[in-house]
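User: Please take a close look at one part of this model for me: the interface. Start with whatever background you need, then walk me through it in one go.

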There are 2 protein chains.
Amino acid sequence: MREVAIIGIGQTPVDEHWDKSLKELAGEAILAALSDARRDSADALFIGNMLSGMLSKQENLGVLISDWIGLTGMEAEKVEAACGSGAAAFRAGLMAVSSEEVDSALVVGVEKMTESLPIETTEALATAADADYESAQGLSFVAINALVMQLYLHTYGWKHTDFAPFSINAHANALHNPYARLHEAITEKDYVNARMVAEPINLLDASPTGDGAAAVLLVPADSVLAQDRRIIKIIGSAAATDSIAIHSRKDPLWLSAAEKSARKAYDQAGVRPEDVDFFELHDAFSIMSVLSLEACGFAERGKGPRLGLEGDILINGRIPITTRGGLKARGHPVGATGMYQIVEAVQQLRGEAAPTQVENSRIGLTQNIGGSGATIITHILTSN
Amino acid sequence: MREVAIIGIGQTPVDEHWDKSLKELAGEAILAALSDARRDSADALFIGNMLSGMLSKQENLGVLISDWIGLTGMEAEKVEAACGSGAAAFRAGLMAVSSEEVDSALVVGVEKMTESLPIETTEALATAADADYESAQGLSFVAINALVMQLYLHTYGWKHTDFAPFSINAHANALHNPYARLHEAITEKDYVNARMVAEPINLLDASPTGDGAAAVLLVPADSVLAQDRRIIKIIGSAAATDSIAIHSRKDPLWLSAAEKSARKAYDQAGVRPEDVDFFELHDAFSIMSVLSLEACGFAERGKGPRLGLEGDILINGRIPITTRGGLKARGHPVGATGMYQIVEAVQQLRGEAAPTQVENSRIGLTQNIGGSGATIITHILTSN
């Protein structure tokens, strides 16, 4: 197995892109990644996307996009793992290069969500849950997360306000990210007064949807000559699953797939949680930040909110998270999110993330989740 | 890169499975493949599927199915390349094992098509074409293929009847395949009199849809001890694309992605077309058999129909095709089809395909197509 490096990144802003179709968004991110890498083509293209068939009446995205970017002929396919599609496609690209089946691979996460009616988008997102036992009961995605958050508050005795620091931190970091959807600082008062969505989850616990695309170019690490910019290598990659439905889990407050995939990735990379310089986690809802931090070894079970309250998650804290705004404020174009996390981790590791640059950052952790903790994919990246 | 072997196969009949959901079909094929391999688990699961989001309101199939088969926790994801999803998932599984990221991988192709209204299915299938420039004009999938067949007849001067041998052969072979959807021999008279679908394509030029699943278990070839049954190795694997829309091609009668992926696979395997003992090709419509045979080096351009008329495609012919019924008569549950082809090739190479066994077959070619020649994935398998 050969080592793989990221030599180019590209992204579009997360926004309501009324003037751009799905393939145009993907193309913009891919061409930016190629240009960043100073290359003009690649052997293969892997696309992370969840909703195109349902919302854009378009599947076969591989060839749609390879054709659009002018690289007709290349190998191309779509990978889907609900909101974890981005990282799943990244892992597919990684395996393609490390297996020597291809010598270079583009990976793009892309989603177009805001052109549909909200009810259509909500219904399409619900396909990430168990259609027979969850969605059929009228459980939307936010409703499932609300049940989990309710149980967490009840079990461990935290108050809803204790989750405010996660959203405040995400919004603060997004202020400095030109690609973020929301550029608005929020206070604890804003958080407390935000409109309720599904109790106890209010609007400031939840990430906004959006249209967007983020891309990278992968090549064998040993093929890259020393350059002015540091080469970013992937030193850990693992995926794991849990039950699809929350009700099948012995402990609905423990993300076993996060723990399992993180542990595998740590082992591969030879690092421990304390070696991680920042963590781009999947904060689709504030409760998910807490559960992710606990499952990946940064907080004891039931004590995750402390990391927010004590400032550990800030840029200069013990374990900075959502350094470019996270899902909460950069936005959550579902199938693209995992690739935004990777692109943002590369920015940090290259030292291109000012003024939310984590100083001396050498090891970055990213984690992308599909469904309610059902499919979880973890990556560890490092700079030379 | 390590060599990969198939050590277990499983499939369900292609049929209208009113009593079985998508996950139950997938589970049946997977458990049969595990049982055939005398194993009880695997590291990862790759799922080929096109339509589940649109027709079953269910995405996140990876975790849905890993959970259902009792292997909760394993890595799992879906791969989509329209009707080429099955082979795309197979190639993903192959890369996962050959990259050493996993030591064993299940691959299943699964589709559930017959529970929806025909208009819903037709609309969902049209997402394989270019939504903006083909589907938006009212072009269904059969209509696109009808334009291609019309052009072929016009350009090369063949008659519609000259295509009859492909359908007759497929139906004859399916008679002996218990997993085939259609068990009905047809004559040239039946072919000529069949109901018109989209001129010149009639009902006996077109493959039937269906529900079904087919699965394999992949492991490193060097991990398998000599057994009573022959080990089947993958010696060639390649994917390529063309433009997504037919109208963008200089020559709409040439499957450049078939030629490109076949040539790569031949090179990898070190074989030539004349070394191939049988060819499981993608006969979604009879015209596709002809174009595939030409692009893969079995007939000169414009002369494909000869192979049917001269008996070359029969079980004892020069290049037997669709030996278990092909898409035409085994049926075409779209995202599952590529995996049916692989499973059938393994049956042939193991010598388990009587009475349509190709004698002394050692090298099998499979080719799966997504869209109208847009995404094409070719594999070459061999027995020891």
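Analyst: A quick definition to begin with: helices and strands here are DSSP runs, numbered from the N terminus, with a helix needing at least four residues and a strand at least two. Counted that way, chain A has 13 helices and eleven strands. Its radius of gyration is 19 Å, close to the 21 Å that the globule rule gives for 384 residues, so chain A is as compact as a globular protein of that length. Measured out along the principal axes, its C-alpha atoms take up a box of roughly 55 × 45 × 40 Å. Of the 384 residues in chain A, 65% count as buried. If you look at contacts in chain A between residues at least 6 apart in sequence, 77% of them link residues at least 24 apart.

Bear in mind that this is a predicted model. The scores are an ipTM of 0.97 and a pTM of 0.98, while chain A has an average pLDDT of 96, with 99% of its residues at 70 or above.

Now the interface, beginning with how the copies are arranged. Chain A lands on chain B after a rotation of 180° with 0.0 Å of shift along the axis, and the RMSD is 0.0 Å. The two copies are thus related as by a two-fold rotation axis. In chain A, the C-alpha nearest that axis belongs to S99(A), 1.9 Å away from it.

As for who touches whom, 49 residues of chain A are in contact with 49 residues of chain B. On the chain A side, the elements giving two or more residues are α2 (52–56), α3 (61–68), β3 (75–80), α4 (85–98) and β8 (232–241). Of these, β3(A) gives the most, with six residues. By type, that side of chain A divides into 20 nonpolar, 17 polar and twelve charged residues. And 100% of the interface residues of chain A are interface residues in chain B as well, so the copies meet through the same surface.

β3(A) deserves a second glance. This strand pairs with β3 (residues 75–80) of chain B, running antiparallel over three bridges. Within that pairing, V79(A) sits opposite V79(B) in β3(B).

For a view from one residue, try S56(A), which lies in helix α2 of chain A. The cut-off for buried is 20 or more other C-beta atoms within 10 Å, and S56(A) has 22 such neighbours, so it counts as buried. Setting aside neighbours within four places in sequence, S56(A) is in contact with L22(A), K112(A) and A131(B), A131(B) being its partner from chain B. S56(A) and S21(A) are 35 residues apart along the chain, yet their C-alpha atoms are separated by 8.9 Å.

For contrast, take A354(B), in the loop between α13 (334–350) and β10 (363–370) of chain B. Exposed means 12 or fewer C-beta atoms within 10 Å, and A354(B) has 8, so it is exposed. Its C-alpha is 17 Å from that of I319(B), a residue 35 places away in sequence.

Conventions: Residues numbered from 1 in each chain as written. Chains lettered and ligands numbered in written order. Predicted model: local features only at pLDDT ≥ 70, side-chain atom pairs only at ≥ 80, totals over all residues. Least-squares fit on C-alpha atoms with pLDDT ≥ 70 in both. Contact = placed C-beta atoms within 7 Å. Rg over C-alpha atoms; globule rule 2.2 N^0.38 Å. Nonpolar A, V, L, I, M, F, W, Y, C, P; charged D, E, K, R; others polar. Pairing = 2+ DSSP bridges. pLDDT = per-residue confidence, 0-100.
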